[in-house]
Amino acid sequence: MFRLIHLFRTSIGRKLIMALSGVVLLLFVVGHLVGNLTIFVAPSVLNSYAHWLQQSVMLWPFRLMMLFFLGLHIVMGATLAYENRQAATQGSACHHWWQRLFYNHHMVWSGIAVLLFLLFHLGHLTLGVGASESFYQVDQQQVLDIYGRVVSGFQIPWITTSYIFFMLLVGLHLNHVVRGLLQTLGFYHENYFGLLRLFSIALSLLLTAGFISIPLTVLFGGLN
Ligand code: HEM
């Protein structure tokens with residue numbers, strides 16, 4: 001217990017917590033993408049998958065656990081960003097002004113964008129804020145028509161555009177999460193710096209492209 005408290009007290013401990021909570025959130029994002037891509041298989045596949053999730057006794061424990069890791073990630077992120085800013089103004093963290101600017105702003109603003117996106121996304125597809133009765137319609141198997149929710153949502157151009165915009169920012173943040181993770185876990189060595197950089201960019205591009213493919217396909221009439 002004392003060791004755990006000590007972990008919060010040291011800068012490297014906070015970085016570790018930040019990286020590990022980032023891994024949990026990253027795994028969620030990968031799982032969520034795989035689940036969402038079933039939309040391209042058939043409407044019933046996505047609906048059955050969503051129904052299976054919603055019926056699970058593990059749904060709320062899982063949601064609470066994710067909320068805990070999200071909270072941890074935000075608190076550690078805010079603390080580390082503050083510490084970095086302090087160190088940078090004293091000239092000890094990064095050598096160049098553009099590195100300081102890029103590091104602080106890029107990470108903090110893309111993180112805030114992910115948070116804003118989550119609020120927008122939950123309101124839009126989970127809670128149905130401002131939605132009509134059709135939001136609760138069921139399909140032929142009498143389960144919630146999540147496919148219909150997604151497709152009708154993305155047929156509205158401003159919603160689609162907002163998703164695409166936010167997905168790009170999510171991708172930017174994921175790139176940072178992966179890099180931070182590799183760095184904290186000690187994999188970021190000079191010898192294969194380029195390779196790891198490439199890996200984190202490729203992974204975030206893959207995830208971003210996967211998410212963006214859904215609103216784009218709907219917008220161009222590929223799913224209806
Ligand atoms: C085009 C991209 C996306 C689509 C089509 C999509 C689709 C959905 C749908 C349909 C739901 C509601 C599921 C239900 O009520 O059964 C949902 C929930 C959710 N999505 Fe997404 N999503 C996308 C991107 C993302 C991203 C990038 C994140 C994370 C950064 C995310 C995080 C969540 C969370 C946290 C929930 C709530 C899960 C829960 O109810 O426990 N989504 N998403």
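This tour moves through a predicted model, from its nonpolar cores to its aromatic pairs and then to charges placed over rings.

Begin by selecting I39, V150 and F154, which have the most contacts inside the largest nonpolar core, a set of 30 residues. The elements that give two or more residues to this core are helix 2 (11–36), helix 3 (43–55), helix 5 (97–126), helix 6 (146–154), helix 7 (157–184) and helix 8 (193–219), and helix 7 gives the most, with 9 residues. Keep V150 in view and add I39, L125 and I214, since V150 touches these three when residues up to four places away in sequence are not counted. Then select I17, M18, M76 and L80, which are included in a second, separate core of 9 residues.

Turn next to the aromatic rings, among which there are 11 pairs. Select F117 and Y163, whose ring centres are 5.5 Å apart with planes at 90 degrees, so that the pair is edge-to-face. Because F117 lies in helix 5 and Y163 in helix 7, this pair ties together parts that are 46 residues apart in sequence, and both residues are buried. Adding F120 shows an aromatic pair with Y163 that is tilted, at 5.5 Å centre to centre and 50 degrees between the planes. Y163 counts as buried at 4% relative accessibility, whereas F120, at 22%, counts as partly exposed. To see the cluster that these rings belong to, extend the selection to F117, F120, F154, W158, Y163, F165 and F166.

Finish with two arginines: R63 lies over the face of W60, at 4.6 Å from the ring centre, and the charged end of R149 sits over the ring of F135, 3.7 Å from its centre.

Methods
Residues are numbered from 1 along each chain as its sequence is written. This is a predicted model: local features need pLDDT of at least 70, side-chain atom pairs count only at pLDDT 80 or more; totals for chains, interfaces and linings use all residues. Side-chain values use heavy atoms; hydrogens and water are left out. A nonpolar core is a set of buried Ala, Val, Leu, Ile, Met, Phe, Trp, Tyr and Cys residues joined through side-chain atoms within 4.5 Å. Buried means under 20% relative accessible area, exposed over 50%, partly exposed in between (1.4 Å probe, protein chains only). Helices (H or I, at least four residues) and strands (E, at least two) are DSSP runs, numbered from the N terminus. Contact means heavy atoms within 4.5 Å. Rings of Phe, Tyr and Trp (its six-membered ring) pair if their centres lie within 6.5 Å; planes under 30 degrees apart count as stacked, over 60 as edge-to-face and the rest as tilted. A charge sits over a ring if NZ of Lys or CZ of Arg is within 6 Å of the ring centre and within 35 degrees of the ring normal.
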